[in-house]
Amino acid sequence: MARLSLHDLAWAPSPGQSLLEGIELVVGEGEFVGLIGPNGSGKTSLLRCAYRFHRPQQGRVELEGANLWRQSPRWSAQRIAVVLQEFPQDFGLSVAEVVAMGRMPHKGLLDGDSEEDQRLVDEALARVGLVERRIQPFENLSGGEKQRVLLARALVQQPQVLILDEPTNHLDPRYQLDLLRQLRSLGLGVLASFHDLNLAAAFCDRLHVLDGGRLVASGTPAEVLTEALLLQVFGTEALVDLHPVAGHPRITWITR
Ligand SMILES: Nc1ncnc2c1ncn2[C@@H]1O[C@H](COP(=O)(O)OP(=O)(O)O)[C@@H](O)[C@H]1O
Ligand SMILES: [Mg+2]
């Protein structure tokens with residue numbers, strides 16, 4: 001039932017402008033959906049609409065059939081967790097304290113951390129391989145470690161849908177693959193933007209391609225990632241064949 005959908009959605013930074021137009025997108029239960037497109041095509045803006053940050057000027061965002069903007073921010077936060085590109089500037093907070101912030105939507109204003117909260121925090125930190133760093137200051141971690149802490153924070157929120165904006169950007173290849181395998185194994189609905197099209201091809205059930213604020217292609221990676229589309233949208237020649245081991249499309253940019 002945890003189904004996130006965007007219907008005929010339009011959004012722009014200010015009235016009279018247009019950025020996103022006519023967006024139709026569904027994240028089914030347990031489905032891993034990727035969003036790709038050039039810089040400035042509107043990926044971050046679309047994700048912000050999907051997690052109830054930007055209010056659409058037209059159309060609607062629904063979760064479990066309920067219009068997000070007819071529900072409270074807390075209702076959304078109990079069901080949708082977000083991992084953003086920016087790191088919080090929470091100077092002085094420990095790793096465990098940053099992760100514990102993810103419990104907030106499920107608690108009253110004055111509730112302290114319960115044993116159950118602590119257990120969830122440790123479990124999430126173990127999942128991202130950082131449980132031994134729990135008392136260190138968050139600000140001292142590397143970019144990749146911070147990214148994994150933010151995933152742990154999203155996990156303790158116990159969401160039904162996870163939204164991630166370029167989640168692999170700060171990570172080396174091993175942690176890129178670890179993170180994406182973990183995301184897949186969670187069985188949650190995932191909507192994530194990607195710069196690396198080969199990672200998107202390897203992990204996503206379906207892909208949506210944004211160009212100039214419009215979805216220009218949607219389908220499985222094999223349906224979407226054609227040489228013609230890559231030339232049209234990214235303006236770059238590519239060779240597309242099949243990954244020799246995994247069998248998904250493999251993109252080789254032609255650099256000569
Ligand atoms: N709040 C905003 N105010 C003004 N311009 C914005 C705002 N948000 C996004 N934009 C503009 O919209 C375009 C798309 O941005 P963005 O959604 O960040 O694209 P992407 O994530 O694909 O790079 C960019 O040209 C960006 O400058
Ligand atoms: Mg972006």
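**Helix α1, the core and the strands: a Q&A**

Q: In this predicted model, which residues of α1 are buried?
A: We're looking at a predicted model here. Buried means 20 or more other C-beta atoms within 10 Å of a residue's own. In α1, the ones that are buried are K43, S45, L46, L47, C49 and A50.

Q: Is helix α1 mostly covered or mostly open, and how many of its residues are buried?
A: The helix spans residues 43-50. It counts as mostly covered, and of its eight residues the number buried is six.

Q: Which residue with a positive phi follows α1?
A: Look just past the helix for a phi near 65°. That positive value belongs to R52.

Q: Which residues surround ligand 1, and how many of them are charged?
A: The shell around ligand 1 consists of P13, L19, G37, N39, G40, S41, G42, K43, T44 and S45. Two of the shell residues are nonpolar and seven are polar. Glycine goes with the polar class in this scheme. The charged count is one.

Q: Which residues have the most contacts inside the largest nonpolar core?
A: In soluble globular proteins, nonpolar side chains tend to be buried together. Here the largest nonpolar core has 69 residues. The ones with the most contacts inside it are A50, V99, A152, I163 and L191.

Q: Which helix gives the most to the largest nonpolar core?
A: That core has 69 residues. Its top helical contributor covers residues 143-156 and puts in seven residues. That's helix α5.

Q: Which domains each give at least three residues to the largest nonpolar core?
A: The core of 69 residues isn't confined to one domain, as it draws at least three residues from each of two. They are domain 1 (1-79 + 162-256) and domain 2 (89-158).

Q: Which residues is L191 in contact with, leaving aside neighbours within four places in sequence?
A: A contact needs C-beta atoms within 7 Å. L191 is among the residues with the most contacts inside the largest core. Its partners are L4, V27, V33, L35, L47, A50, V161 and I163.

Q: How far apart do the C-alpha centres of domain 1 and domain 2 lie?
A: The domain assignment gives domain 1 (1-79 + 162-256) and domain 2 (89-158). The contact takes 11 residues from domain 1 and eight residues from domain 2. As for the C-alpha centres, the separation is 26 Å.

Q: Which element gives the largest share of the side of domain 1 that touches domain 2?
A: Both α2 (73-77) and α6 (173-185) supply at least two residues of that side of domain 1. By class, the side has six nonpolar, three polar and two charged residues. The largest share is three residues, from α6.

Q: Which residue of β9 stands opposite I36?
A: Strand β3 (residues 32-36) and strand β9 (residues 206-211) pair in the parallel sense, with four bridges. Opposite I36 you'll find V209.

Q: Which residue in the hairpin of β9 and β10 takes a positive phi?
A: β9 pairs antiparallel with strand β10 (residues 214-219) over five bridges, and D211 has R214 as its bridge partner. There are two residues between the strands, and the phi to look for is near 55°. It belongs to G212.

Q: Why does strand β11 lie largely in the open?
A: β11 covers residues 238-242, and five bridges join it to the antiparallel strand β12 (residues 249-253). It lies largely in the open because, of its five residues, the number buried is zero.

Key:
Residues numbered from 1 in each chain as written. Chains lettered and ligands numbered in written order. Predicted model: local features only at pLDDT ≥ 70, side-chain atom pairs only at ≥ 80, totals over all residues. Near = placed C-beta within 6 Å. Pairing = 2+ DSSP bridges. Buried ≥ 20, exposed ≤ 12 C-beta atoms within 10 Å, placed from the backbone. Core = buried A, V, L, I, M, F, W, Y, C linked by C-beta atoms within 7 Å. Domains from an automatic or database assignment. Contact = placed C-beta atoms within 7 Å.
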